[in-house]
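Me: Please give a close account of the salt bridges in this model. I should like to know which parts of the chain they join and how accessible the partners are, and then how the neighbouring helices are set.

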Amino acid sequence: MHDELRQLTGTILVTGGMGFIGSNFVRYLLREHPAARIVNLDKVTYAGNPRNLADLTEEPRYVFVQADVRDGEALGKALTAHGVDQIVHFAAETHVDRSILGAGDFIRTNVEGTQVLLDAARAAGVRRFLHISTDEVYGTLGSSGAFVEESPILPNSPYAASKAGADVLARAYHVTYGLPVIITRTCNNYGPFQFPEKFIPLMIVNAFRDVPLPIYGDGLYVREWLHVEDHCRALARVLAEGRPGEVYNIGSGEERTNLEVVREILRLTGKPETLLTTVKDRPGHDRRYALDHAKLRRELGWAPAIPFAAGLRQAVEWYRGHEAWWQEILSGEYRSYYQQQYGERTA
Ligand code: NAD
Ligand code: DAU
């Protein structure tokens, strides 16, 4: 069934389309917006996986360009050659723990890469630039309340700081040059094709393999979980109908402690709670995130449709059915990352 609101047309450059949310978004657009064409520009880092979109090689409305978002010349060529008139910018270094191990790539891709892309977008005269930001730019919350779009930007991790840099740069290009930028800030996504360094897929694949499930600190940190399919639907809606210069929070209201999520994963995989292991905490660990997404509901009529309980069950089944996909990741660079991040913690 096609999205009941305005159909997207023209050519959309998606950056980071080989990653988790990007690949889900490319699929969503091809399925729900038959008049749109897609150019997926991705460097294919450790987190970018061509297998995520391997079935699209024959798709006439889809083109893949391998390039770094910091490469202005490659961007200019891709924008001109394919007649791109809209950009959705996902490409980023995205893992908080990796940013704590080393922030350099985060600044280069997330800040400098966004600046180079914004300049290329200006030169090409695109009619929309949708910048994908995160709730982490707002910092952390106590046990009550939720971030609104006007909340102060107070990032705590190097990842969050780099995303905040990109976010305010994108805003500045709207104010200074009139570039039609729209910013979305979303909460923790989950679903198919998420790289197993992130909490939910890491816990699922560890449970399948009977490997300890490492919980940072007391496990009472709270995240708000949004199914990636709901996120993609919101993004298409914002791209079609959002107002340039505006920020839209995309939340779900589905708050859970990490312990609640892991216990549910153990139940769904039929594994014992003895696998649960408390490990040394993440430095600067944000206690709680929660987004008020009333603006998106009110202005664009979007609401999440996938309850967390059903979405998590579906995610567990997806990982059960795609073992070859995640086993291949686990056999590569992931091993040394896992050792570096968890070796001492779980020793
Ligand atoms: P991901 O790590 O799964 O994928 C990132 C993609 O970007 C990969 O395909 C990678 O190859 C590509 N990439 C990285 N550096 C690049 C560069 N220099 N040039 C071109 N491509 C490059 O990320 P994700 O989880 O899908 O997140 C996508 C976006 O959404 C990011 O901007 C992230 O900050 C934001 N976000 C994610 C979440 C979440 O829960 N996953 C929540 C809020 C916001
Ligand atoms: O909130 C949006 C953000 O969500 C995105 O901007 C980021 O790109 C994305 O990575 C994610 O950041 P988090 O730090 O919230 O997600 P992560 O999956 O790394 O961790 C979720 C929670 O689980 C967090 O409280 C830390 C905890 N955790 C994580 C890992 C990987 C553990 O307890 N153990 C773990 O091994």
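Reply: Lys-43 and Asp-68 are joined through their side chains by a salt bridge, with an N to O distance of 3.3 Å (Lys or Arg side-chain nitrogen within 4 Å of an Asp or Glu carboxyl oxygen). Lys-43 belongs to the loop between β2 (36-42) and β3 (62-66), and Asp-68 to the loop between β3 and α2 (72-81), so the contact ties together parts 25 residues apart in sequence (helices, H or I of at least four residues, and strands, E of at least two, are DSSP runs numbered from the N terminus). The two partners are not equally accessible: Lys-43 is partly exposed at 42% relative accessibility, whereas Asp-68, at 16%, counts as buried (buried is under 20% relative accessible area, exposed over 50%, partly exposed in between, with a 1.4 Å probe on protein chains only).

The model is predicted: local features need pLDDT of at least 70 and side-chain atom pairs pLDDT 80 or more, while totals for chains, interfaces and linings use all residues. Residues are numbered from 1 along each chain as its sequence is written, chains are lettered from A and ligands numbered from 1 in the order written, and side-chain values use heavy atoms, without hydrogens or water.

In all, the structure holds 27 salt bridges. One of them pairs Arg-31 with Glu-229, whose closest N and O atoms are 2.5 Å apart. Arg-31 is part of helix α1 (residues 20-32) and Glu-229 of helix α7 (residues 228-241), so this pair ties together parts separated by 198 residues in sequence. Arg-31 is partly exposed at 43% relative accessibility, and Glu-229 is likewise partly exposed, with a relative accessible area of 24%.

Another salt bridge runs between Arg-287 and Asp-218, with the closest N and O atoms 2.8 Å apart. Here distant parts of the chain are linked, 69 residues apart: Arg-287 sits in the loop between β12 (276-279) and α9 (294-300), and Asp-218 in the loop between β8 (213-216) and β9 (222-227). Arg-287 is partly exposed at 32% relative accessibility, and Asp-218 is partly exposed as well, at 40%. Beyond single pairs, salt bridges with shared partners connect Arg-98, Glu-197, Lys-198 and Glu-333 in one network.

Helix α6 spans residues 199-209; since 9 of its 11 residues are buried, the helix is largely enclosed by the rest of the structure. The buried residues of α6 are Ile-200, Pro-201, Leu-202, Met-203, Ile-204, Val-205, Asn-206, Ala-207 and Phe-208. After α6 comes Asp-210, which has a positive phi near 60°.

Helix α5 (residues 158-177) has 20 residues, which at 1.5 Å a residue should span 28 Å, and its end C-alpha atoms are indeed 28 Å apart (the expected span is 1.5 Å times one less than the number of residues). Its buried residues include Tyr-159, Ala-160, Ser-162, Lys-163 and Asp-167. Ala-164, Ala-166, Ala-170 and Tyr-173 of α5 are buried too. These buried residues of α5 pack against α3 (96-101), α4 (104-124), β5 (128-134) and β6 (181-186) (contact means heavy atoms within 4.5 Å). Just after α5, Gly-178 adopts a positive phi of about 70°.
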